[in-house]
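Thanks for coming, everyone. I would like to walk you through some of the open and enclosed spaces in one structure, so please keep the picture in view.

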Amino acid sequence: MTALHDAAVEDFCGELVALALAKGASAAQAQTRRSRYFEMQFDNRGPDLVRSTENEVSALTVFRDGKRGAASLNGRSKEDVAAAIEAAMASAEAGVPDDANDVADAPSLPPSRHGPESADRAQMAAGIEAFLSRIRAEFPLLRTRDCLSSFSDADVAFANSHGLRQKERRAAYGFTAMFMAKDGARTTSLNYVDSSRFTPFVDPFQSAGLERLMIETTQSLDRKPVPQKFDGDVIVTPECLASLLGPIVNALSGAALFAGTTPFRGKKGQAIASPLFSLSNRPRDPQSPGGADFDDHGVPTRDLDLVAKGVLNDYLVDFFFSKKLRLPQTAGASNFHVAAGDMSLEDMIARTKRGILFSRFSGGAPNAALDFAGIAKNSFYIEDGQVRHALEETMVSGNFCELLRNIHAVSAESVDYGSGSYPFVAASGVTISSK
Amino acid sequence: MLDRLAAFAGAFKAPGELRWHVNLSTQVTMRKGVLLSNGQSRGGGVSARLYDGGIYGFAAAPSDDDDAIRTVIAKAAENAASVGGARRNAPARAASEPGEGLYDYRSERPASSAAQRVRILKGLDSLIREKYPDLVNVDISLSSHASEKSLATTEGVRTYSYVPRSVLSVRMAVEANGGLVDLHNTLGGFGEIQDQSFEPESLLAWLDDLHEELRRKAEGGQCEAGLHDVVLDSDLAGILAHEAIGHTCEADLVLAGSIAGDHVGGMVASEKITLGDYAGRGPDGKSSFAIHVDDEGTACRDVTIIENGVLRNFLHSRQTAAELGAEPAGNARAFAFSDEPLVRMRNTAILAGKDKLADMIGAIDRGYYLKRATNGQADLTSEFMFGVSCGYEIRNGKIGRAIRDTTISGVAFDMLKSVTHVGDEFKWSGAGGWCGKKQPIAVGMGGPAIKCKITIGGRG
């Protein structure tokens with residue numbers, strides 16, 4: 001067990017597979033993720049927490065008689081390894097047989113390396129100071145809270161009983177800012193950005209639309225409701241689009257197809273959105289820290305044009321549901337990109353008769369039909385082509401399927417968060433109301 | 001473990017805590033009879049945090065041998081020192097009443113086996129799909145989570161806890177006019193799976209109720225957007241207490257600029273509203289979550305946030321208490337061994353009043369009776385929202401047709417002044433909740449039904 005304790009991460013997860021087979025599994029797979037994380041947390045007054053953590057999590061899945069069981073553990077103690085194997089075997093024994101339960105056959109990739117070898121902590125500290133200096137000088141009404149400058153570094157190894165072996169190391173810097181404006185009793189909503197990249201955030205203002213968001217936050221000290229309820233346009237900002245896409249891509253998943261609950265059933269090859277809208281998944285984008293070379297089944301990931309000029313090219317089907325639904329596997333890790341268009345944000349606003357600049361959606365989870373309703377936070381009222389005022393207590397209601405079809409402009413500007421990139425998107429047919 | 005931690009707590013060169021922390025969970029999920037997950041996880045390790053020169057240094061490692069403990073203590077000190085005493089003028093942390101004791105809520109019954117857990121799901125799935133053949137989809141999940149901790153502080157606190165919770169969730173979907181409609185409900189709460197009544201034959205009435213509410217929802221309509229008179233049932237009152245008031249009154253957010261900081265001592269609600277964040281398992285001892293000592297070693301005690309409509313107190317860590325001149329009451333909590341304690345809620349609830357639910361509904365000519373919430377969010381302006389998955393129209397004082405999913409919102413310090421009735425029956429929400437704020441954390445939420453005015457989203 002000492003040898004196991006000191007083994008390389010790829011050897012350790014290979015050994016977990018071997019131990020499971022020795023215990024009677026007909027097939028097995030293991031993924032081990034060894035991670036190191038460092039963060040400096042700060043607010044307007046400077047750092048208040050410096051935190052470093054290490055962890056190693058192994059996820060073991062075993063198969064027996066067509067049944068599947070799983071267990072995860074962190075660390076490598078002899079007792080914990082034995083308990084995890086026993087628990088996974090017991091779960092498999094108790095499971096439900098399914099033809100889709102199996103390990104993958106796929107090519108083993110050469111080990112890969114993404115991102116820097118180590119954190120440049122001096123550059124991270126310099127980035128914090130640059131950020132705070134600029135706030136003091138240009139945004140005196142802004143208050144920051146729980147902002148993070150971070151560095152994450154992880155070795156991920158995979159092994160299965162079909163001989164599949166994968167390994168990648170991925171390291172990236174992260175920058176998260178939470179902020180609001182306060183002037184006497186006037187207080188705005190929280191706003192935030194969260195982005196990652198392979199190089200230090202020496203000047204965080206150059207990324208993730210931060211300057212625009214800080215200007216908008218300060219402008220939000222004076223807020224009013226919309227004059228009256230109306231059906232109008234929304235110009236969805238990149239940060240808002242990033243959150244709205246979640247329910248849409250879930251509805252395009254193999255799990256949703258199997259449930260039979262997605263409105264996109266039977267729509268492959270058909271137009272589900274405006275011709276202006278194209279959505280792709282790019283887990284292999286070498287410029288993007290948010291990707292992955294292989295998925296949780298060890299299968300190499302691949303880039304996919306999910307929606308091209310409004311037409312649904314394919315669904316997001318992972319390894320299990322590809323076998324369950326007898327469809328090709330198309331997904332395993334995500335890193336979404338919405339294609340930029342050719343119109344400036346300025347022109348999009350100028351063409352809006354009546355609507356809102358929709359900056360953040362705070363709403364209930366959309367239902368199976370993809371109806372949504374929620375508050376438009378950090379948002380602005382637009383009338384006759386001009387931004388009129390910041391909004392308060394304004395609700396936005398609609399349906400995501402209709403929203404996709406009603407897109408009538410996509411901006412040339414786009415924001416890259418490191419785990420996806422998104423433009424501004426204008427669409428019609430949304431109900432906007434205040435109390 | 002506690003003795004070993006205690007021996008090392010003397011090695012700190014500044015005030016701080018040493019924590020051994022393990023999270024244990026099981027999860028079985030089934031969709032239309034197919035097992036999508038079936039397993040368990042264990043994640044744990046040790047962490048050290050110290051407070052030096054106004055800076056917290058924190059380090060964690062996924063093991064608990066002596067070398068790991070020495071290493072995290074040294075790294076925590078190194079981390080704090082790395083920013084050169086950036087806050088030398090920061091006050092010392094507030095003194096707090098030291099916690100003590102062992103709080104082991106481990107079940108006395110034999111642990112549920114994987115076979116028992118899968119059998120519950122298979123039994124439920126067969127029963128549901130046979131009894132309700134109109135369903136397009138059935139999702140069932142059975143999960144448990146237990147947090148086990150030992151804590152030793154430089155100020156002499158020595159404490160241990162094991163706090164479990166388990167939840168059964170059922171979601172049904174049917175075809176309806178305008179697309180699919182779904183609805184879910186949860187059961188369970190405090191304790192381990194073997195402490196609950198999850199056997200399918202004991203859940204027949206509960207399943208019938210869920211299916212009937214789904215049927216009515218499928219026949220229902222969209223809400224009319226705008227400000228309405230509503231009755232929020234206790235499930236929503238609980239999430240209201242948590243999202244709308246609790247978050248706004250977390251002292252770290254007050255220091256960030258939360259509007260609550262401007263209202264201490266002022267009327268922020270109807271005088272019928274008393275709302276608090278409670279230690280232990282809450283005022284009736286029946287919440288889904290228990291806490292007696294927080295992760296800074298402070299003994300937990302109740303905090304009255306709003307008393308008869310007046311804003312009284314905030315929720316504190318020792319650091320925020322020092323900055324705002326308050327006394328910490330045990331609200332500093334961490335989710336995992338690798339997480340630092342943050343200001344968090346515990347069991348947050350509106351206390352019961354004297355009104356009857358039927359009288360509240362009867363007092364509304366045109367409005368809504370809202371029964372169950374999905375997710376929620378809060379803001380420093382006290383503007384809140386939460387999703388509503390189950391509700392009904394009220395017409396002329398009577399329950400009418402069901403409504404489809406919607407979202408409600410308001411500014412808490414305005415909305416709570418509109419409360420005219422507070423129900424006489426207190427309930428904790430569902431099987432307990434999870435709150436997200438840098439880390440997830442288990443919380444309890446509860447209250448009685450209340451009648452108020454609230455903004456509803458919708459296309460009707």
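The second largest pocket holds about 930 Å³ of space, where a pocket is an open set of points on a 1 Å grid over the protein atoms alone, with protein on both sides within 12 Å along at least five of seven lines, and a volume is the space filled by probe spheres set on the points, which are joined across faces, edges and corners. This is a predicted model, in which local features need pLDDT of at least 70 and side-chain atom pairs count only at pLDDT 80 or more, while totals for chains, interfaces and linings use all residues. Residues are numbered from 1 along each chain as its sequence is written, chains are lettered from A and ligands numbered from 1 in the order in which they are written, and side-chain values use heavy atoms, without hydrogens and water.

Which residues lie nearest the centre of the second largest pocket? Of the 40 residues that line this pocket (those with an atom within 4 Å of a point), they are A:Glu54, A:Asn55, B:Ala61, B:Pro62 and B:Ser63. Helix H2(B), a DSSP run of H or I with at least four residues, just as a strand is a run of E with at least two, both numbered from the N terminus, gives the most to that lining, with 7 residues.

Turning to enclosed space, a cavity is a set of points where a 1.4 Å probe fits but cannot get out, and the whole structure has 9 cavities of 30 Å³ or more. The largest cavity holds about 340 Å³, and among the residues closest to its centre are B:Ser147 and B:Phe289. Strand S6(B) gives the most to its lining, with 6 residues.
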